[in-house]
Each structure stands twice: as structure tokens, then as C-alpha cells.
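Colleague: I am new to reading models of this kind, and I would like to learn how each term is earned. Could we go through the structure together, setting values against definitions?

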Amino acid sequence: MAETIALPPGSTWTNWVGNRSFTPAYRAVPQDEEEVAQLLSAAGERGLGVRVAGAGHSFTPVVETEGLLLDPSALSGVVSVDPSRHRVTARAATRIHDFYEPLWDAGLALINQGDIDTQQIAGAVSTATHGSGSRYTSLSGVVRRVRLLTASGEVREIGEDEPELLRAAQVSVGMLGVMTELELQVTTAYRLRQRADLWAWPEVLERWDELVSDHRHFGFFWLPTEESGALYNLDDHGERMADRCYVKIYDEAAPDEPDDPTPGRLVDRCYRVYPMIYDPNFHELEYFVPLERGPDALRAMRELMLRSLPDSVYPLEVRTVGPDDAYLSPNYGTATTVISVSGRPGTDYWHYLRDVDALLAQFDARVHWGKLHFLTPERLRERYPEAERFIAIRRELDPGGMFLNDHLRPLFA
């Protein structure tokens, strides 16, 4: 049994965009794995729930607790890089941008990533955060080993020799324990060529199959009004934007292709091309539909959004993601079309988001665990074929439900 230590009093926690805020009874910043074990022991003795706060990019109450909130920020940094195996090991709170230089110096890079790079890797993995490209999984799909502390304080190393446990741990939403270290599969360093242009809506849909299959990454923002682009800092290039698509296409650059800093025509190391700058001025719902159903879902979404203005003024973001086999992954067993819908803080847009949920339910949509959603227990079991297997593993590792909260308990208890 780990030594018990005093639990520091709680202080208010607020997420990145300010739509979630709460005050736990206790809040601690463990300095190492041993201190995590001590804190879990103390929480267990008091019958407290425990959640872990990452960088705060989730829009849901996923980290909220009335018990102990752990801030893992001290558990940060790349531990090792193995060029021969194309692997990198890092502590749980390592930010995505902290992988860049250590990997590049070893001739390596992350296989894929999203356009925000300030998330902590454990939080990004646990919620299936992703980039774009139908041949590339989310960050969860490249996890090859995790080290975590269970509710009893036991250290568990879950790797490829325990495939069922690994598939549960890859997308666990923090419900299996406190992750302290991860090992990721990476790839040979590569450079990207970006092309960003305004396209007509019909052209994007007509060329959908080609755009998805012929490029490393393809995604776009559909802009319902002239004001939409500015909300995501999108450059209009002096052109009309309403009912058009801001298309982003990425391909690997040739070795002899020179770097180019021109906005919308970037050529550079991959990690310098991926990131975008967003203002925290939106609340987001993000659903995943099977890739082949994407165009029909997008046509229906466009019609809904044009009927729903001004609530639907934010751009509709569209990407694709490749399949993986993590039990709670929205991409389990299938490539997906990712549909991201945002609302303006301070306005009552919930009826609009519920209309989006109802529409995309017709396309068998799954959810992003860090974004707004209306998932029910019935839909969980219907849309996630291995949900019951995940729940069984969760109960095995955390029989008392220490790592559940009011947001997760109705789905996973």
C-alpha cells in the first residue's frame, strides 16, 4: 500500500474556452509516479472520485469531479526515442508540440496530428483526438504501450502482449486509471506541401472520392455566410466566402522542393505546417459517420445549417480519419468522415445542436469524447460494437468506479 499524504484543498478549474468550470474538493499536482500512487491511496481511503485534467481542450464535463482533481503537468517530457523501432516514449503530460524537435533530430516525426498542438498527449489519446487523412488513424491508433496506476495504486504496463487491454487503454477517457507514460509508433521524418483555396461547394462534393483517396490529407471548412471565415481566422484571399469551401490539401513534399512560407502555399517540416491558430471563441460538437456516407451527411448538414442561421454561423469543418481497433474509438473498424459543428459562447444554440445530433444519428454517427455530444447508453451499445467489452475491463481495473464522474457514469458504470 502506498504511503498516504495530505490532500490539498481544491481550487476552481476552467477549460480552454471557458464553457466548463468547477471546484473539486481537492486538487493536487503530483511530481512523480510515487506521489500519484500516494494521492490515489488517500482518495481511496476517503471514498473520493478522481479525475485527471489535461490541457483543458475538452468541451464536455469529462474531467469534472467532486473529489480529487489531479493536474499531471509535472509528468512531462520525452523519455526516449528509438529510431530503429520507430518508437517514442513520453510522460503523460507531454504537449504534442514537445515531440517535434526530439523526433526530428532523430530523423522521425509523428505519423499524423491535428491542427491544435498544445494538448497533453495522454488527454489527446484518451479522447481519440485526430488529424485528417483516411489512411491515418487518430493519435490513439499509434499507441503501443501505456503505463498507468489503477484505483488500488497498482502500476500496470499494458502493451502489445495484452492486445485486449491495450485496445481498451488506447481510448479510455481516463476511466482505467492515471496514465503516467505512453509509447507511440512514429514514422520517418517528412515535409508537407499545403494548398489552401476557396472552392465551390458542388466541386468539393463532386470530387470527394478523388480528394479523399489521392492526397495525404484533405479537409475543408464550409462557410455558410460572409462572416463565417473570420471566426476561425480563415483568409478570404479577397474573394466571396458565403456558401463556399475553404479547402486544405496536404501532400508530402519532394526532397528537393524548397521551403515556402507563403500562407496557403506552405512547404516545410510537417510539424510546422499542421498547426492552426484558433481563438477560444467557440463551443464544438464533433461527430463521425462512416466515410462512404459522408457526402450524403454533408448535403443534409448544409441544408440544416442554412435553415438554422444565425445559430449556425460558424464554419462546418470536415475531415476524414482512418480505421483502428480501439474499443471506444469513433473510428473503430471503419474510416470516417468527421463533421465538426460549433456554436457561439453566450448564446442559446442547444436546439440547433440537438437538431444536428438528430440528423447525424440517421447516419450512425459516433462522437468525439472531448466534444459536446448527446450520447445515450442505448446509442453507445448500438454504435460501439465493443462497448460492453470496454465496460468489463473498466470494472475489472476500477471495480469501485473511482475514475467515473457524473458525465461518464450513466454510460459506463
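Modeller: We can begin with Ala90, whose bridge partner in strand 11 is Leu182; please keep in mind throughout that this is a predicted model.

Colleague: What makes strand 7 and strand 11 a pair?

Modeller: Two strands pair if at least two bridges are found between them. Strand 7 (residues 87-91) and strand 11 (residues 178-185) are joined by five bridges and run antiparallel, so the requirement of at least two bridges is met.

Colleague: Which strands form the open sheet, and in what order?

Modeller: The open sheet has five strands in the order 6-7-11-9-10, with antiparallel pairing. From one strand to the next, the twist averages 10 degrees.

Colleague: Why are strand 6 and strand 10 said to stand at the edges?

Modeller: Strand 6 (78-82) and strand 10 (155-159) each have a single partner strand, so one side of each is left without a neighbour in the sheet.

Colleague: What packs on this sheet?

Modeller: Helix 1 (residues 33-46) does, touching strand 9 (143-149), strand 10 and strand 11, and its direction makes about 55 degrees with that of strand 9. The buried residues of helix 1 are Val36, Ala37, Gln38, Leu39, Leu40, Ser41, Ala42 and Ala43, and what covers them includes strand 3 (26-28), strand 4 (50-52) and strand 5 (68-70), together with strand 9 and strand 11.

Colleague: How do you know that the span of helix 1 agrees with what it should be?

Modeller: At 1.5 Å a residue, the 14 residues of helix 1 should span 20 Å, and its end C-alpha atoms are 20 Å apart, so the two values agree. At the start of helix 1, a side-chain oxygen of Asp32 reaches to within 3.3 Å of the backbone nitrogen of Glu34, while after helix 1 comes Gly47, whose phi is positive, near 70 degrees.

Colleague: Why is strand 19 called largely enclosed by the rest of the structure?

Modeller: Strand 19 (residues 336-343) has eight residues, and eight of the eight are buried, so the description follows. Thr336, Val338, Ser340 and Ser342 point one way, whereas Thr337, Ile339, Val341 and Gly343 point the other way, and all are buried.

Colleague: Which strands pair with strand 19?

Modeller: Strand 17 (residues 283-290) pairs with strand 19 in the antiparallel sense over eight bridges, and strand 18 (residues 316-321) pairs with strand 19, also antiparallel, over five bridges. Thr337 of strand 19 is the bridge partner of Val289 and also of Thr320.

Colleague: Why is Thr23 called partly exposed?

Modeller: Buried means under 20% relative accessible area and exposed means over 50%. Thr23 has 48%, which lies in between, so Thr23 is partly exposed. Thr23 lies in the loop between strand 2 (21-22) and strand 3.

Colleague: What makes the approach of Thr23 to Thr12 a polar contact?

Modeller: The cut-off for such a pair of N or O atoms is within 3.5 Å, and the side chains of Thr23 and Thr12 make their polar contact at 2.8 Å, so the distance satisfies the cut-off.

Colleague: Which residues have the most contacts inside the largest nonpolar core?

Modeller: Those residues are Leu182, Phe220, Met301, Leu360, Trp369 and Phe412, in a core of 118 residues. A second, separate core has 17 residues, including Leu7, Ala28, Ala43 and Leu70.

Key. Residues numbered from 1 in each chain as written. Predicted model: local features only at pLDDT ≥ 70, side-chain atom pairs only at ≥ 80, totals over all residues. Heavy atoms only, no water. Core = buried A, V, L, I, M, F, W, Y, C linked by side-chain atoms within 4.5 Å. Buried < 20%, exposed > 50% of the residue type's maximum accessible area, 1.4 Å probe, protein only. Helix = DSSP H or I, 4+ residues; strand = E, 2+ residues; numbered from the N terminus. Axes fitted to C-alpha atoms, helices over the stretch in contact; angles between N-to-C directions. Contact = heavy atoms within 4.5 Å. Expected span 1.5 Å × (residues − 1). Polar contact = N/O pair within 3.5 Å; in protein donor to acceptor, adjacent residues only side chain to side chain.
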